[in-house]
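Trainee: I would like to test the labels on this model one by one. Can we go through the reasons behind them?

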Amino acid sequence: MPTPSMEDYLERIYMLIEEKGYARVSDIAEALEVHPSSVTKMVQKLDKSDYLIYERYRGLILTSKGKKIGKRLVYRHELLENFMRIIGVDETHIYKDVEGIEHHLSWDAIDRIGDLVQYFEEQEKRVEDLRYVQKRNEEVES
Ligand SMILES: [Mn+2]
């Protein structure tokens, strides 16, 4: 199992390759706001664990294992953002909140959140009902 930090890298590398067709050390460093030397270290670690193949002057490619996990990690992040949006979390908090929890949930919990998101998406009325409850709670608080 990848560590939370390895997960952050795999998620970001998968996204960069999806968007640009490649992921350079400098792009990864910029995206994760870390020093390029940290990226090189981690990329070597990910290579050792067979998530990717790294060649100093040719860049990196994800192995099938790396692709499979990267795809799930990107899905997980997007699902949790959708979840936050549906339950009404303010847009300014969503990204940071997801970054804070994504590594700490079981895949069981992720799948159950997936069901819940689907439950709300299937009928707009369910989201409206939730907003009604939230409005009522706000009125009680004030
Ligand atoms: Mn993330």
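Trainee: What makes the arrangement of the 6 donor atoms around the manganese ion irregular?

Mentor: This is a predicted model, so the values are computed from it. The 6 donor atoms subtend angles of 49 to 150°. Six donors count as octahedral if opposite donors are over 155 degrees apart and all others lie between 65 and 115. An angle of 49° falls outside those ranges, so the arrangement is irregular.

Trainee: Which protein atoms are the donors of the manganese ion?

Mentor: E11 (OE), E11 (OE), H77 (ND1), E99 (OE), E102 (OE) and E102 (OE). They lie 2.2 to 2.7 Å from the ion. The cut-off is 2.8 Å, so they count as donors. Along the chain, the spacing reads E-x65-H-x21-E-x2-E.

Trainee: Why is E102 called buried and E99 partly exposed?

Mentor: Buried means under 20% relative accessible area. E102 has 0%, so E102 is buried. E99 has 23%, so E99 counts as partly exposed.

Trainee: What about E11, in helix α1? Which residues of α1 are buried?

Mentor: M6, E7, Y9, L10, E11, R12, I13, Y14 and L16. So E11, a donor of the manganese ion, is among the buried residues of α1.

Trainee: What do the buried residues of α1 pack against?

Mentor: Helices α2 (25-32), α3 (36-48), α4 (64-86) and α5 (91-101), and strands β1 and β2.

Trainee: How do you know that the span of α1 agrees with the expected one?

Mentor: Helix α1 covers residues 4-20, which is 17 residues. At 1.5 Å a residue, α1 should span 24 Å. Its end C-alpha atoms are 24 Å apart, so the values agree. Just after α1, G21 takes a positive phi of about 95°.

Trainee: Which residues other than glycine have a positive phi?

Mentor: E33 and D50 are among them. Phi of E33 is near 55°, and phi of D50 is about 65°. E33 lies in the loop between α2 and α3. D50 lies in the loop between α3 and β1.

Trainee: Why does E33 count as exposed, and D50 as partly exposed?

Mentor: Exposed means over 50% relative accessible area. E33 is at 74%, so E33 counts as exposed. D50 is at 48%, so D50 counts as partly exposed.

Trainee: How do you know that β1 and β2 pair?

Mentor: Pairing needs at least two bridges. Strand β1 (residues 52-55) and β2 have 4 bridges, in the antiparallel sense. They therefore count as paired. In β2, L60 is the bridge partner of Y54, and G59 stands opposite E55. A hairpin of 3 residues joins β1 to β2.

Trainee: Which side chains of β1 point to which face?

Mentor: L52 and Y54 point to one face and are buried. I53 and E55 point to the other and are not buried. Alternation between the two faces of the sheet is what a regular strand shows. Strand β2 (residues 59-62) has L60 and L62 on a covered face, and G59 and I61 on an uncovered one.

Trainee: Which residues does the UniProt domain annotation cover?

Mentor: Residues 1-63, as "domain: HTH dtxR-type", according to the unreviewed UniProt entry. In the model, that span is 60% helix and 13% strand. Its end C-alpha atoms lie 15 Å apart.

Note on methods. Residues are numbered from 1 along each chain as its sequence is written. This is a predicted model: local features need pLDDT of at least 70, side-chain atom pairs count only at pLDDT 80 or more; totals for chains, interfaces and linings use all residues. Side-chain values use heavy atoms; hydrogens and water are left out. Buried means under 20% relative accessible area, exposed over 50%, partly exposed in between (1.4 Å probe, protein chains only). Helices (H or I, at least four residues) and strands (E, at least two) are DSSP runs, numbered from the N terminus. UniProt positions are given in the numbering used here, feature names are shortened, and annotations may be inferred rather than shown by experiment. Donors are N, O and S atoms within 2.8 Å of the metal (3.2 Å for Na, K and Ca); water is not among the atoms, so sites may look incomplete. Four donors count as tetrahedral if all angles lie between 85 and 135 degrees; four count as square planar and six as octahedral if opposite donors are over 155 degrees apart and all others between 65 and 115; anything else is irregular. The expected span of a helix is 1.5 Å times one less than its number of residues. Contact means heavy atoms within 4.5 Å.
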